[in-house]
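Please read the following walk through the structure with the model open beside it.

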Amino acid sequence: MGRVSPIVWLLGLLVCALPAQAAVEFAFMPAVRMDDPQHAQLLDIARAGERLVAVGERGVIVLSDDHGQTWRQADVPVSTTLTAVNFPQPDVGWAVGHSGAILHTADAGASWSLQFDGRDANRQYLAWAQSRVEALEEVVAANEGPEQQEALEYALDDAMFAVDDATDAIETGPADPFLDVLFIDANTGFAVGAYGMLYRTDNAGTDWRIAIDGVANPDRFHYYAMATGVDGRLYLSGEAGLLYYSADTGQSWVRIEDLYDGSLFGSVEGEDAVFAFGLRGHIFLSPDGGESWRELENDERTSLYGGVALTDGRALMVGSGGLVLAIDAEGNRQAWRHPSRASLSSAVQAANGDIWLVGMKGLMALSEAKPL
Amino acid sequence: MTDHESTTIEPEDGRLRPLLGTLLMRARLPLILLFAVATAFFAWQASQLQPDASFEKMLPTSHPYIQNFLKRQDELKGLGNSVRIIVESREGDIFTAEFQDLLKQITDEVFYVNGVDRSALQSLWTPNTRWMEVTEEGFVGGAVIPDDYDGSERTLAKLRENVLKSGQIGRIVANDFQSTIIVAPLIEIDPNTGERLDYAQFSRDLEEMVRDKYQSDDIRIRITGFAKLIGDLIEGATLVGLFFLVAFAITAVMLFLYSRCGWLTSAALLCSTVAVVWQMGLLKLMGMGLDPYSMLVPFLVFAVGVSHSVQIINRFGTFIYFKTSRIEAARLTFIRLSKPGFVALLSDGVGFFTLRVIDIPVIQELAVVAATGIAVLVLTNLLLLPLVLTYTGISDRCVGYRATKENSRFTHWRVLAKVTRRGPAMTVLGICTLLFAGGLYYGQHQKIGDLDPGAPELRPDSRYNKDNAFLTANYSTSTDVFVVMASTGEQQCGSYEFISAVNYFQGVMETVPGVQSAMSLVDVSKLSIQGMNEGSPKWHETSRNRYILNNSLSSAPNMLRNTNCSMAPVILFLDDHKADTLDGVVAAVTEFADEHNSETLQFELAAGNAGVEAATNIVIREAQTKMLLWVYGVVIALCLINFRSLRITTCIIVPLMLTSVLGQALMAALGIGVKVATLPVIALGVGIGVDYGIYIYSSLQSYLRSGETLENAYFYALKSSGTAVAFTGLTLAVGVGTWMFSPIKFQADMGLMLTFMFFWNMIGALLFLPALAWLLSPREKAASA
């Protein structure tokens, strides 16, 4: 080893000193280990093969290899709240959450690494907004028709506003949450969230690319959920009655207009029917892959936040006040209420048929719920 | 020297005491008048004493945690000085017309109780209890009592539905719907009069206007809250007067049985009572109130006074028996007893005074008050009692009784004196060694702090603690609250840096054993952001976006941050307040603070009842050793000065140590923790316990000097002072023993421990001391070898 110049020493010291002075990013500290992690607030639950994996508050991810009887906590590099989890293959999965975090696992959820976060999202959104401004400026410059001119200028204003927004967001830092993640195969997936965030990867998350151009959502309402259906159809739902389907693996989206003006928190496909559900117990049924919809009667006026397809062909939906509904394609309903009355966010059916609910008070069994 | 007193002045009486004695007897009338006037003055002062239950005095005020707490006290005021009135339906749930009607009446009644903050009063029937729900149009909501409520099935069903939507289950409605709470926040200072709220009066008002009036076979009323606790404490403390009367009566009977003389008994009781009056008058003059701790002192002063009186009347009787005049007998009594009496009182007083080393005001006050009381005894019992005796004298019947006693064979003392023989001595020493070993072993399990659930000041089965247990069992709440103060720069408590740090901190704290949950501004932010996003659980998180964050905190209650937004309390709800739990919390907070504290972020310990208790435990743990070293140091020093012999000092101190060790084992066995109330007990026990040893060994020494064998010397010593020692032990034990029946837990604990220590010290002095004397006596050993 040769002599090290004093300047290199100094530089080294500076480099070492700098991160220590910067404010600690608590959201990106490793998740704290808990004694009973399954009782933390959990927001989504999914199956990784036979294993159950649930995610929730402060970066908690819990695993069960005995169909939900015992749980252990996974190693997670972030402590921001995680909102959704999805496994396209038994070993390979993704979890998303606040601070724009996207986590990846290749060992069925035992360990996770951060693939993407809100800082990347902010940069991509700024680049997207800037390129849109440039493109519009070119069009405006080339265009001579006065009628179109006005509309173009509006669009340009919007785009410039988006640039301001994106610049602010970069200053703010990784803020906006992803609210759902969905992979249609081991390589292709989507992460959706607040203010119309939509990112896509085609290489198993090596690159996540902003993909908002294919969806008409000028008011940047939140996207709450994305779901798959038969023949590869995709459903996207969100705030203010947003509901779309895509027949081309998410390249282009068809908006279902005027269905409802409240939030649609999710959609789930049962046998011969797809259901979209949301605020105050509103449930819509489509028998034809999302082309046509009708509203179902539901006298439980409490919001439904998550759903899952059951092996018996029915769709299970869960929501506030511990409410659980199972509905078939004819609209026949079975209802339960969990005695904790905790708001529920998601559910899963384990490989042995047991149904588990997750929500504000952690993991609960459907068997504890009282039929209504 | 023979086994009875000389009735003439001896050279060993010195010159000062005979002179003083003569002067005293000459001036006896003016002196007694002077005492009478002083007593009247102190009685007038004492009559103005107020019961006082200041909790600040129980805090180790110089501990950094407590200093943090005191610094922030005003800012933390919003945290919970409220009273909860739980109205329970014994049959059926709360959704009946009758129950709701009654609940409405009780709510109205509480509204008018003086001290209640009417604008913040909350029950199902106050307009601030609202339900809310998110609809397509935004938030809708209203009072939980439907506008058209008329007690019909339909409106009751509506009420139930509203309650479910209100999020009040577990807060003001029990998880099982069998009871509901009226929350009455209190106004500490009356805005009209500027006076502090009288907790005792407030507590009585609640009892009369609510509990007595509405409790029935169908309805049960339970009341919890700090103000109620204090009220119950003050009420319980007033029973102490009754205990004093009981102790007084028992002592009087015992004194009479001992002396068989009404005059002597009255004189002894009179002087000891005068001492108590003086001591209480001085308490008032020193600006102190009668708090549940210093209430112990009059009992001690009275008991110590009586035990010294016993020595004096005993000696006086002896002189009268030997046909001296009353005045001469009193003079001789003064001359003979003023020195040992003074030394004994000095050792008591100094023993008490060592409690000053403990940094807890209430214990320091106890030290001063007790030392003052002992000083007063020097005047009332060593001076006044002989003067009083010159007037009362002693009846012929008493002299007759004394004569029979004097001529009896003292078989019991004969038997006891055998303890100085080899066999019995070895047996006693063997048993004591076993007791030492056992005591040390069990003493290891001694715990610091309070061990029972609920309010530790009261008994676990007290009404208050039962009410409290009902609250914790049926509502989602804990009464063991540990508050960590998270602070930052001014106006920074709403910054993301601060909020995210507090959020992470809460996550860490919730993993600490014994922590049920954590609550702070962060939870308000999370809930509010979830609400702004249509209640979706996925939005239950704070935000880095400053507009969203500010907005989410705009409705945060004042108690969750201070006025200049530089501090936010993090409230940790604990399973219990056992020392292990508190230690774990303190360690976790300290570790987190060490790692993350910076210029802009500090986590400070500690407030809340559990936080204060954690600091108190820390101080007490350190103080226990310090106090034992001091009190034993002082007592050993006094013995060394008095006897100038290491051997004698050992004989006197070792039995005391056995008592201390057994006392610790007893505490461990009975589940009494070392706490503010029980810490001073050991010092008091040792301070008073040393008297027995001093009395007995003094006599023993003088008989040994005159050439008696150890057994004979000990028999004579027992004959002259054994009865007095046994009597003293019993009087003291009775004096504090009545405390065991106090409704106040710590008084009962103190009473139990002191009774044990006084009694066992006596046993130690009568049995263990002579056995040790045998062991350490070179002459005796040589003889038996």
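In chain A, strands E5 and E6 form a hairpin with six residues between them. Helices (H or I, at least four residues) and strands (E, at least two) are DSSP runs, numbered from the N terminus, and two strands pair if DSSP finds at least two bridges between them. This is a predicted model: local features need pLDDT of at least 70, side-chain atom pairs count only at pLDDT 80 or more, and totals for chains, interfaces and linings use all residues. Residues are numbered from 1 along each chain as its sequence is written, while chains are lettered from A and ligands numbered from 1 in the order in which they are written.

The hairpin strands E5(A), residues 82-86, and E6(A), residues 93-97, run antiparallel and are joined by four bridges. A:Asn86 has A:Trp94 of E6(A) as its bridge partner. Five of the five residues of E5(A) are buried (20 or more other C-beta atoms within 10 Å of a residue's own; exposed means 12 or fewer, partly exposed lies in between, and C-beta atoms are placed from the backbone).

The hairpin belongs to an open sheet of four strands of chain A, in the order E5-E6-E7-E8, with antiparallel pairing. E5 and E8 (113-116) of chain A are the edge strands, each pairing on one side only. From one strand to the next the twist averages 30°, where axes are lines fitted to C-alpha atoms, for helices over the stretch in contact, and angles run from 0 to 180 degrees between N-to-C directions. At the E8 edge, E7(A) (residues 102-105) and E8(A) pair over three bridges in the antiparallel sense, and A:His104 stands opposite A:Ser113 of E8(A).

Further along chain A, helix H3 (residues 146-172) has 27 residues and reaches 39 Å from first C-alpha to last, close to the expected 39 Å; the expected span is 1.5 Å times one less than the number of residues. A:Gly173 follows H3(A) and has a positive phi, near 105°.

Most residues other than glycine have a negative phi, and most peptide bonds are trans. A:Asp272 is not a glycine but has a positive phi of about 65°. A:Asp272 sits in the loop between strands E17 (264-270) and E18 (273-278) of chain A, and is partly exposed, with 13 other C-beta atoms within 10 Å. B:Arg644 likewise has a positive phi, about 50°, without being a glycine. The loop that holds B:Arg644 lies between helices H21 (608-643) and H22 (646-670) of chain B, and this residue is exposed, with 9 other C-beta atoms within 10 Å. Also in chain B, a cis peptide bond joins B:Leu605 and B:Ala606, with omega about -10°; B:Ala606 lies in strand E9(B), residues 602-607.

How many residues does each chain give to the contact between chain A and chain B? Chain B gives 25 and chain A gives 37, counting two residues as in contact if their C-beta atoms, placed from the backbone, lie within 7 Å. On the side of chain B, strand E2 (130-135) and helix H17 (496-509) are the elements that give two or more residues. H17(B) provides the largest share of that side, seven residues.

H17(B) has 14 residues and reaches 19 Å from its first C-alpha to its last, close to the expected 20 Å. Because 13 of its 14 residues are buried, H17(B) is largely enclosed by the rest of the structure.
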